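Look at the chain below and turn it slowly before reading on. The paragraphs after it go from the whole chain to single residues.

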Amino acid sequence: MKAKGKSKKDENPVAAVNTKGDKLDRKFYEAEMNRLQTELVKLQAWVRHKGLRVVVLFEGRDAAGKGGVIKRIAERVSPRVFRTVALPAPSDREKTQLYIQRYVKFMPAAGEVVLFDRSWYNRLLVEHVMGFCTDDEYERFKRNCAGFEQSLVEDGIILVKYWLEVGNDEQKRRFHRRIEDPIRQWKLSPMDLESRRRWYDYSRARDAMFAATDTRTAPWVIVPSDDKRRARLNCIRHLLDVVPYAEVHQEPVDLPPRDKQNAYDDLKSLKGRRQVPAYY
């Protein structure tokens, strides 16, 4: 059910010269990203106008590109509408709570979109593979997860789940780049290196997760992410397709003139105040 007709995101005059398998031209990528981000601004207005609640999950192996996709989604919209949630390891107190409790408090209110950079699926992936939860905790959550998501959808939340799939060779290349580039070294953690060693354990955990939670109510959508540019464009385009929206009419805005009744030299009053040194 689509609430809109053809829009600028459907206009793609350069696409014909970018066939799959070719390197995506940077100018095309930037133009298309700008076009899709413009549509995200329209989506934002619709979400606020209709009081929608949207939850978008991003999961995938380390270095799959989750952060890059989220950054491009959130780049041109309001952080008060599009909220990004990337939780650290649970505190000692949180470990004693219901597992799902730390995530529920970040659920959206009316007019909000929440982007989870990793989510409650940590239990079925990282915690399970690394032994941070017991087998009983893992099996119990795997049984109950689909029911939890069903309750979210039945309450009116639009739930979208993305799995970014990076290949073995591409993950290896990205890890080496992090090791060699001082600007990227902060992205590399001992957990990343251990996850690399346990590649097939993660694959089995992914497959079991899909088997238990890829439901008609809350399906998983796989985003091939070896090509970062294509992954970002394809993911944003899909998000715009699955969240129905229409353009909200905006009243024309006139910039009011300054009230000169109490005018004074407000620049002169700044003289003698500290300023940042003019390095450039």
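What follows starts with the overall build, then takes up one helix, some single residues, the salt bridges and the surface.

The model is predicted. Its chain contains 10 helices and 5 strands. Along the principal axes, the C-alpha atoms fill a box of roughly 70 × 50 × 50 Å. Of the 280 residues, 41% count as buried. About 17,500 Å² of the chain is exposed, and carbon and sulfur atoms supply 51% of that area. How do residues at different places in the sequence meet? Among contacts with a separation of 6 or more, 79% are between residues 24 or more positions apart.

Helix H2 is a useful place to begin. The buried residues of H2 are Lys66, Gly68, Val69, Ile70, Arg72 and Ile73. These buried residues pack against helices H1 and H10 and against strands E1, E2, E3 and E4. Lysine 71 also lies in H2, which covers residues 66–74, but this lysine is not in the list of buried residues; instead, Lys71 forms a positive surface patch with Arg177, Lys187 and Lys228.

The loops on either side of H2 each hold a residue to look at. In the loop between E1 and H2 is alanine 63. Alanine 63 is not a glycine, yet its phi is positive, at about 70°. This alanine counts as buried because its relative accessible area is 8%, and the cut-off for buried is under 20%. In the loop between H2 and strand E2 is arginine 80. Arginine 80 has a relative accessible area of 69%, so it counts as exposed. Its C-alpha atom is 9.4 Å from that of glycine 111, although the two are 31 residues apart along the chain.

Another positive phi is found at arginine 118, with a value near 75°. Arginine 118 is in the loop between E3 and helix H5. Is this arginine buried or exposed? At 18% relative accessibility, arginine 118 counts as buried.

Next, find alanine 205 in helix H9, which spans residues 199–213. Alanine 205 has a relative accessible area of 2% and is therefore buried. Which residues does alanine 205 touch, apart from its neighbours within four places in sequence? They are Leu124, Leu125, His128 and Val129. Arginine 72 is not among these contacts; the C-alpha atoms of alanine 205 and arginine 72 are separated by 28 Å, with their positions 133 residues apart along the chain.

Now turn to charge. The chain has 55 positive and 41 negative side chains, and the centres of these two sets lie 4 Å apart. Side chains of opposite charge can pair when their charged atoms come close. The structure holds 24 salt bridges. One of them joins aspartate 155 and arginine 53, with 3.1 Å from N to O. This pair links distant parts of the chain, 102 residues apart: aspartate 155 is in the loop between helix H6 and strand E4, while arginine 53 is in strand E1.

Other salt bridges lie within one helix. In an α-helix there are 3.6 residues a turn, so residues three or four places apart point the same way. Glutamate 139 and lysine 142 are 3 residues apart in helix H6, about one turn of the helix. Their salt bridge has its closest N and O atoms 3.6 Å apart. Glutamate 139 counts as partly exposed because its relative accessibility is 35%. In helix H7, arginine 173 and glutamate 170 are likewise separated by about one helical turn, because they are 3 residues apart. Their side chains meet in a salt bridge of 2.8 Å, N to O. Arginine 173 has 42% relative accessibility, so it counts as partly exposed, whereas glutamate 170, at 14%, counts as buried. There is also a network of salt bridges, which links Glu39, Lys42 and Glu247.

The last stop is a nonpolar patch on the surface, formed by Val276, Tyr279 and Tyr280. Together these residues have about 530 Å² of accessible area. Valine 276 lies in the segment after helix H10. With 68% relative accessibility, valine 276 counts as exposed, because the cut-off for exposed is over 50%.

How values were computed. Residues are numbered from 1 along each chain as its sequence is written. This is a predicted model: local features need pLDDT of at least 70, side-chain atom pairs count only at pLDDT 80 or more; totals for chains, interfaces and linings use all residues. Side-chain values use heavy atoms; hydrogens and water are left out. Patches are made of residues with over 30% relative accessible area and no salt bridge: like charges are joined within 9 Å, nonpolar side chains (Val, Leu, Ile, Met, Phe, Trp, Tyr) within 5 Å. Accessible areas come from the Shrake-Rupley method with a 1.4 Å probe; for residues, only the protein chains shown count as cover. A salt bridge is a side-chain nitrogen of Lys or Arg within 4 Å of a carboxyl oxygen of Asp or Glu. Lys and Arg count as positive and Asp and Glu as negative; His and the chain ends are not counted. The place of a charge is taken as NZ of Lys, CZ of Arg, CG of Asp or CD of Glu. Helices (H or I, at least four residues) and strands (E, at least two) are DSSP runs, numbered from the N terminus. Buried means under 20% relative accessible area, exposed over 50%, partly exposed in between (1.4 Å probe, protein chains only). Contact means heavy atoms within 4.5 Å.
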